[in-house]
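The following exercises concern a predicted model. Please study the sequence and the structure, then work through each task before reading its solution.

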Amino acid sequence: MVEGVRAPENLLVGGVFRAAAGGRTMAVEDPATGERLALVADGATSDAAAAVDAAAAAQPAWQAASAYERAKVLRKWFELQQRDKENLARLMTLENGKPLKESYAEVDYAASFVEWFAEEAKRVYGRVVPASRSDKRLLVLKQAVGVVAAITPWNFPAAMITRKVAPALAAGCAVVLKPAPETPLTALRLGELLLEAGGPAGVLNVVPTTEAAAFADAWLGDPRVRKITFTGSTAVGKELMRKAAGHVQKVSLELGGQAPFIVFDDADLDQAAVGIATAKFRNAGQTCVAANRILVQQGVAEAFTDRIVEQVRRMRVGHGLAEGVEIGPMISERGRQKVLAHVEDAVSQGAAVRLGGGVMSGPGYFVEPTVLTGVSSKMRVMREETFGPVIAVATFREEREAIAIANQTEYGLAAYFFTRDAARAWRVAEALEYGIVGLNDGAFSTAQAPFGGYKESGLGREGGLEGIEEFLETKFVSWGGVDAGL
Ligand code: SIN
């Protein structure tokens, strides 16, 4: 392991860190340099099965523990993440590439889900329903769904884990977790901290692997796994849904996005410019909620584009550990090539490059922050998720047109719009076919609110009151023969 950070390099199964079956390992690299950071155990299919064995063994006692006992473990886990903040932040910057300031913010964001669900554990109420007959009592109980399989991405190596694992544990479920092979170190460290917090052996099993499809088959082919929760691409999400049909496992999916970012001519342009900095450049544009299609009303298009170009020109690109860096690398050469292909496609169809458009010289998977104008709906930047630091600006004449363009996609995760007109604010918020709407806000993500998409952007919600519901079954108890005569 590279110096200055600490994380286990072995699988966590049944409360023990151990090598993968067969002893296979995989290299974890720094995307800003291409250098190796660590060699981590690369789980085999038999490890996937062993993880389910461990979770299934831990499930009954964890489910039977009181909500207060589970909340106590989660609260301690939250505190340990705060204690380990510097280490977790550095790990994330090294294996994901994001600037250190963003990694610190992610530790807080990740921990906030643990804190929130530690409290929500105590508020899983159920209810008593008035019956239509006096000799009956109708009870609605909420119970843990059972063993949960969680598959998480590399773009938020900590937060996408806690957003799934914390509500699952709060509800009384044991978890098997496959973190992304690009960022297993943060995941393994989180597993280690949960053990230190008093999490019983087997309630969280962390199994990095390069065999994603075999793991999905193993977990969804096992009827003891009752739920799968996944963040990643829509294509993989659909495949998981198909596989979950075999045992009718519950499914939560947080999938791709194609977020429109609409600036009306009555918007506060300073506010919109601040909004786009987060909505576009957080994690170098590698977020599912990244603003992908920038739609600016004609009257302010030139002024707003000039402002963005100036703002982006000043942003510093580099290694995330370096002082003042605001934009890191793409996660891989493949990620970088996709971004470049989108730019090339737009330019070949008539878009103008106002800034950037190429690769940065030197090691690592960097691309230049880019601003394109004159984009149209035929171009890939307007139809697909770019997942990179590219601002593609198109213009529109009137509100109706902006809404039509915004909704013209199979995705429906997040949308942003900026206006100072209250009537328009209501109208547009209601008309957008998206699970999350940022109204004069480029940074809406928070543990207290539901996060998730319409249409092909997913199923279910993470965070908020809704987040724990995803891990609960509803049981109706009809209690007859109650003698009401006194
Ligand atoms: C994501 O990109 O999927 C998550 C972004 C967020 O939680 O804000």
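**Exercise 1.** Determine whether Asp108 is buried, partly exposed or exposed, and describe its salt bridge.

*Solution.* Step 1: the relative accessible area of Asp108 is 32%. Step 2: buried requires under 20% and exposed over 50%, so Asp108 counts as partly exposed. Step 3: the salt-bridge partner of Asp108 is Lys85, and the closest N and O atoms of the two are 2.8 Å apart. Step 4: Lys85 belongs to helix H3 (residues 85-96) and Asp108 to helix H4 (residues 100-120); the pair, 23 residues apart, links distant parts of the chain. Step 5: Lys85 is likewise partly exposed, at 22%.

**Exercise 2.** State which parts of the chain are tied together by the pair Lys164 and Glu462, and whether these residues are buried or exposed.

*Solution.* Step 1: Lys164 and Glu462 form a salt bridge, with 2.7 Å between the closest N and O atoms. Step 2: Lys164 is located in helix H5 (residues 159-171), whereas Glu462 is in the loop between strand S21 (458-459) and helix H15 (466-469); the pair therefore ties together parts that are 298 residues apart in sequence. Step 3: both Lys164 and Glu462 are buried.

**Exercise 3.** Analyse the contact between Glu211 and Arg24.

*Solution.* Step 1: side chains of opposite charge can pair when their charged atoms come close. Step 2: the side chains of Glu211 and Arg24 meet in a salt bridge of 2.8 Å, N to O. Step 3: Glu211 lies in the loop between strand S9 (204-206) and helix H7 (212-220), and Arg24 in the loop between strand S2 (16-18) and strand S3 (25-29), so parts that are 187 residues apart in sequence are tied together. Step 4: Glu211 is partly exposed, at 24% relative accessibility. Arg24, at 34%, is also partly exposed.

**Exercise 4.** State how many salt bridges are found in the whole structure, and name residues linked in a network.

*Solution.* Step 1: a search of the whole structure finds 35 salt bridges. Step 2: Arg6, Asp84, Arg189 and Glu192 are linked in a network of such bridges.

**Exercise 5.** Describe the surroundings of strand S16 (residues 390-396).

*Solution.* Step 1: six of the seven residues of S16 are buried, so the rest of the structure largely encloses this strand. Step 2: strand S13 (residues 291-297) runs parallel to S16 and is joined to it by four bridges; Ile294 stands opposite Val393 in S16. Step 3: strand S15 (residues 370-373) also pairs with S16 in the parallel sense, over four bridges. Thr373 has Val393 in S16 as its bridge partner.

Technical notes:
Residues are numbered from 1 along each chain as its sequence is written. This is a predicted model: local features need pLDDT of at least 70, side-chain atom pairs count only at pLDDT 80 or more; totals for chains, interfaces and linings use all residues. Side-chain values use heavy atoms; hydrogens and water are left out. A salt bridge is a side-chain nitrogen of Lys or Arg within 4 Å of a carboxyl oxygen of Asp or Glu. Helices (H or I, at least four residues) and strands (E, at least two) are DSSP runs, numbered from the N terminus. Buried means under 20% relative accessible area, exposed over 50%, partly exposed in between (1.4 Å probe, protein chains only). Two strands pair if DSSP finds at least two bridges between them.
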